[in-house]
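Open the model in your viewer, colour it by secondary structure, and keep the selection box handy. We will start with the overall picture and then walk through a few helices and residues in turn.

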Amino acid sequence: MARILLLGSTGFLGRGVGHKILDAGHQMRVLVRDPLKAAAFKVRGAQVVVGDALNQQAVTQAAQGVEHIISLVAVRRNRPQSYLAVNVDGPRILGQAAQAAGVRSVVFVSAIGAKLDPHFKYFTSRWMGEQELAKTGVTGTILRFSLIIGEDGGIVKDFEKTLFGPFAIIPGSGQSQIQPILRDDAARCIVEAVAKPELLGKIIELGGPEVVTYETIFDWFLQARRLKKTKLKLPAAVLTPGAIALEAVMKDPPVTPDEIKMAETPNLAAGIDSVSSQFGWRPSAPGAWAPSHWSKRA
Ligand SMILES: NC(=O)c1ccc[n+]([C@@H]2O[C@H](COP(=O)([O-])OP(=O)(O)OC[C@H]3O[C@@H](n4cnc5c(N)ncnc54)[C@H](OP(=O)(O)O)[C@@H]3O)[C@@H](O)[C@H]2O)c1
């Protein structure tokens, strides 16, 4: 049994990771901005601390007495919080707090595609965050995932936003290759990584057991929901001007220019057997899982 501080427990992936930590019999503390969102963990015996993961003092205090920190905190869009504040400064604050509190190791979750490339603001922010964390000198493992899918939230929410009457909008060609992994399997990797000293100092890229296109995953969703839609593939050149305009006027636009570019980028792990080679077990196939798990609205 380990003492673990989980940051980002209230998000799409965090809901899975938090329960996995408790299922494994670990002692869990979560740092959350809204304690009501952590009620399901509290009733299972987790300690809930209220604070912001961007506040150095709050994270350092929350890290007192724990052996490991798992951080899932990140933003996919540059507002209302900025990439710089959350994706870049956040990991530095995490590393410094972990050092100050004397934790043994950090598992930091990032995304496949993280790279220094000014054409991709999100990917650049994730790469910079990884660098900032490393610069603090903290001992840790970085896990980069391909697309993570679950019953609710994540890409399901994105798909729902693309339905307009009889049409379903696919940004770009829909042919970019993705290696989706189930939330439950991603959560298992994250929790198991805590007890794998051989992964320390490494960046591991993880995905599920099949390579499929964005359109294929979209088809799983349409079929599971029994939706008959005409798919409209809108090339980036057509979508981007509209996305720029919507980004300027909407708080939560259906798609952003950065997301349109990312939709055309392959999102593949370091091999089809990435999970089994690092963790020794095979993740489930999302293609077989989706028909029964996406059939109803969450
Ligand atoms: N979903 C995917 O397909 C996918 C794929 C690859 C990698 N990942 C990575 O997995 C991680 C989690 O992703 P997700 O999909 O679960 O994202 P999410 O649903 O947006 O969750 C983000 C979490 O970060 C927390 N957070 C954000 N800003 C914070 C702040 N200032 N202080 C405290 N907490 C803050 C959020 O808390 P609130 O509830 O308070 O907002 C939430 O718990 C990210 O690193 C992401 O890049 C996800």
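Show the whole chain first: among contacts in the protein with a separation of 6 or more, 77% join residues 24 or more positions apart. Bear in mind as you look that this is a predicted model. The secondary structure comprises 12 helices and 14 strands. Turn the C-alpha trace along its principal axes and you will find spans of about 55 × 40 × 35 Å. For 298 residues, a compact globule would have a radius of gyration near 19 Å, and the protein agrees, because its value is 19 Å. Of those 298 residues, 43% count as buried.

**Stop 1: helix 1**

Select residues 12-23, which form helix 1. At 1.5 Å a residue its 12 residues should span 16 Å, and the end C-alpha atoms are 18 Å apart, which agrees. Now show side chains for the buried residues of this helix: Leu13, Gly14, Arg15, Gly16, Val17, Gly18, Lys20 and Ile21. What do they pack against? Add strand 1 (3-7), strand 2 (27-32), helix 2 (39-42), strand 4, strand 7 (148-149) and helix 7 to the view, and you have the elements that the buried residues of helix 1 pack against. Just after helix 1, click on Gly25, where phi is positive, about 85 degrees.

**Stop 2: helix 7 against helix 1**

Keep helix 1 on screen and add helix 7, residues 183-193. The two pack at an angle of about 55 degrees, with their axes 9 Å apart. Helix 1 and helix 7 are therefore oblique to each other, and helix 1 passes helix 7 in a right-handed crossing. To see the meeting place, pick Leu13, Gly16, Val17, Lys20 and Ile21 in helix 1, then Arg183, Asp184, Ala186, Ala187, Arg188, Ile190 and Val191 in helix 7. Gly16, Val17 and Lys20 are among the helix 1 residues that also appear in the buried list.

**Stop 3: Ser71**

Hold on to Ile190 and add Ser71: the two are 119 residues apart in sequence, and their C-alpha atoms are 9.7 Å apart in space. Ser71 lies in strand 4, residues 68-71. Is Ser71 buried or exposed? With 28 other C-beta atoms within 10 Å, it is buried. Leaving aside residues up to four places away in sequence, select what Ser71 touches: Leu7, Gly8, Leu94, Val106, Phe108 and Val109.

**Stop 4: helix 5**

Next select residues 121-135, which make up helix 5. Its 15 residues should span 21 Å at 1.5 Å a residue, and the end C-alpha atoms are 21 Å apart, which agrees. The buried residues here are Tyr122, Phe123, Thr124, Ser125, Arg126, Trp127, Gly129, Glu130 and Leu133. Which elements cover them? Among them are helix 4 (83-101), strand 5 (105-111), strand 6 (140-145), strand 12 (203-206) and helix 10 (257-263). Helix 5 is followed by Gly137, whose phi is positive, near 80 degrees.

**Stop 5: helix 4 beside helix 5**

With helix 5 still showing, bring up helix 4. Their axes come within 8 Å and cross at roughly 15 degrees. That makes helix 4 roughly parallel to helix 5, and the crossing is right-handed. On the helix 4 side, the contact is made by Tyr83, Asn87, Val88, Gly90, Pro91, Arg92, Leu94 and Gly95. On the helix 5 side, look for Lys121, Tyr122, Ser125, Arg126, Met128, Gly129, Glu130, Glu132 and Leu133. Leu94 is a residue you have met already, as one of those touching Ser71.

**Stop 6: Gln61**

Go to helix 3, residues 56-62, and pick Gln61. Gln61 is partly exposed, with 15 other C-beta atoms within 10 Å. Then add Ala101: 40 residues separate it from Gln61 in sequence, while the C-alpha atoms are 7.6 Å apart in space.

**Stop 7: helices 8 and 12**

Finish with residues 214-224, helix 8, and residues 286-293, helix 12. Their axes come within 8 Å and cross at roughly 30 degrees, and the two helices are therefore roughly parallel to each other. This crossing is right-handed. Trp220, Gln223 and Ala224 of helix 8 make the contact with Gly287, Ala290 and Pro291 of helix 12.

Note on methods:
Residues are numbered from 1 along each chain as its sequence is written. This is a predicted model: local features need pLDDT of at least 70, side-chain atom pairs count only at pLDDT 80 or more; totals for chains, interfaces and linings use all residues. Helices (H or I, at least four residues) and strands (E, at least two) are DSSP runs, numbered from the N terminus. The expected span of a helix is 1.5 Å times one less than its number of residues. A residue is buried if 20 or more other C-beta atoms lie within 10 Å of its own, exposed if 12 or fewer, and partly exposed in between; C-beta atoms are placed from the backbone. Two residues are in contact if their C-beta atoms, placed from the backbone, lie within 7 Å. The radius of gyration is taken over C-alpha atoms; the globule rule is 2.2 Å times the number of residues to the power 0.38. Axes are lines fitted to C-alpha atoms, for helices over the stretch in contact, and angles run from 0 to 180 degrees between N-to-C directions. Angles under 35 degrees count as roughly parallel, over 145 as roughly antiparallel, 65 to 115 as roughly perpendicular and the rest as oblique. A crossing is left-handed if the near helix is turned anticlockwise from the far one by less than a right angle, and right-handed if clockwise.
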